Each structure stands twice: as C-alpha cells, then as structure tokens.
Amino acid sequence: MTEVDKAVKQLNDSGIPAMRSSDPDYLVFEIGESVFRALLSADPTHAASQLIRAAGACGGIIAGYRKTAAGLGRIESLPADDVFWDELFSNGEPVEIGTVIFQVQVQAGGDEHPVGLDLLVVSDGTWRPDGFDPDKEGAAGDVRDYLTQWIKENHEC
C-alpha cells in the first residue's frame, strides 16, 4: 500500500470521504458539503492527520474563543466563508477555519458608535486580526487580554 493509499484510507476511516483523482498528483476529498481537489503533499499521511485534526477541532476551537472572550462586549463567531482545506492537505500549513467578530460601542466626541475587529481563527488554534495589527497573533488563552487592550485603545478615539 502506497503512502497515498494510506492517506486515503486514513481519511475515509475518519469520516472524510476521499479518493485518488484521475490526475495522479491530486486527491479528492469532501468536508461537509464541499468537495476539494488537492495537490498531494510530500507526506500524504501526515497531511491527512492534520486535515482530520483540523476538521474535528473546528467547532471546538471557535467555541473556545467565544468562551474566552465572553463578557468583553458583543461577540459573534462565524465559520470561515472559505476554509481552504485543500491547502491544509497540500502543504500542511494551518488555515483559517473561522472568524470571531468582536464589536464594542465607543464614545468619540460625545457620540457613541460601534467599532469592530475581526479575529481570524486558524486550524492550529491561533488567531490573528484581519487587516489590523498584522504582526500580532496569539492563542485562545491570550485573546481576552488582547481584546481588553484593544477596547482601551479604541475608547480613546
């Protein structure tokens, strides 16, 4: 059994339907209602393990962020519009699996207005702000501290 066959079996056994593509360099698999055609990685069984772990953890990771940030303001969490599961399989790198939208009311010049920040949640459990403070990233445990600081900075608008 080749490494690709092992990866296909591993995915199927975990509940992720997968098969070889007609093109030998690709694999086809399904997550939810979406079908992906992914370039085979150099280590397909390792990539399959990462894909299985990320797919299984997606809901739990988002729930963890909601719980961590609860009480700071208005929080919404959404699944990512475009989860690049095929990229996760192909290169083994973490990918975005959801978004936590954080909104607060701030007072500026006597008027109150909403200010929002989107945190992109990644399959390895880390987060990073979307289009804001691009060098900042962290783990679920420190997102509350980051958002608290962000609120303080934005109340000074």
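**Exercise 1. Find the residue of β3 that stands opposite Leu27.**

Step 1. Leu27 faces Ala38 in β3. Strands here are DSSP runs of E, at least two residues long, and helices are runs of H or I, at least four residues long; both are numbered from the N terminus.

Step 2. Know what you are reading. This is a predicted model, where local features need pLDDT of at least 70, side-chain atom pairs count only at pLDDT 80 or more, and totals for chains, interfaces and linings use all residues. Residues are numbered from 1 along each chain as its sequence is written, and side-chain values use heavy atoms, with hydrogens and water left out.

Step 3. Look at the strands around this pair. β2 and β3 run antiparallel, joined by six bridges. Two strands count as paired if DSSP finds at least two bridges between them.

Step 4. Follow the chain between them. β2 and β3 make a hairpin with two residues in between. Gly32 sits in the turn, with a positive phi of about 65°.

**Exercise 2. Work out how β1 meets β2, and which residues stand opposite each other.**

Step 1. Count the bridges. β1 pairs with β2 (residues 26–31) over three bridges, in the antiparallel sense.

Step 2. Match the residues. Ala18 is opposite Phe29 in β2. Arg20 is opposite Leu27 in β2.

Step 3. Trace the link. Five residues carry the hairpin from β1 to β2.

**Exercise 3. Give the strand order of the open sheet, and explain why one side of β1 and of β3 has no neighbour.**

Step 1. The order is β1-β2-β3, and the pairing is antiparallel.

Step 2. β1 (18–20) and β3 (34–39) are at the edges. Each has a single partner strand, so one side of each lacks a neighbour in the sheet.

Step 3. Add the twist. From one strand to the next it averages 20°.

Step 4. Place the helix. α1 (residues 3–13) lies across β1 and β2, at about 160° to β1. Axes are lines fitted to C-alpha atoms, for helices over the stretch in contact (heavy atoms within 4.5 Å). Angles run from 0 to 180 degrees between N-to-C directions.

**Exercise 4. Describe the whole protein: how many helices and strands are there, and in what pattern?**

Step 1. Count four helices and eight strands.

Step 2. Read along the sequence: α-β-β-β-α-β-α-β-β-β-β-α.

Step 3. Check burial. Of the 157 residues, 39% are buried (under 20% relative accessible area, 1.4 Å probe, protein chains only).

How values were computed. Buried < 20%, exposed > 50% of the residue type's maximum accessible area, 1.4 Å probe, protein only.
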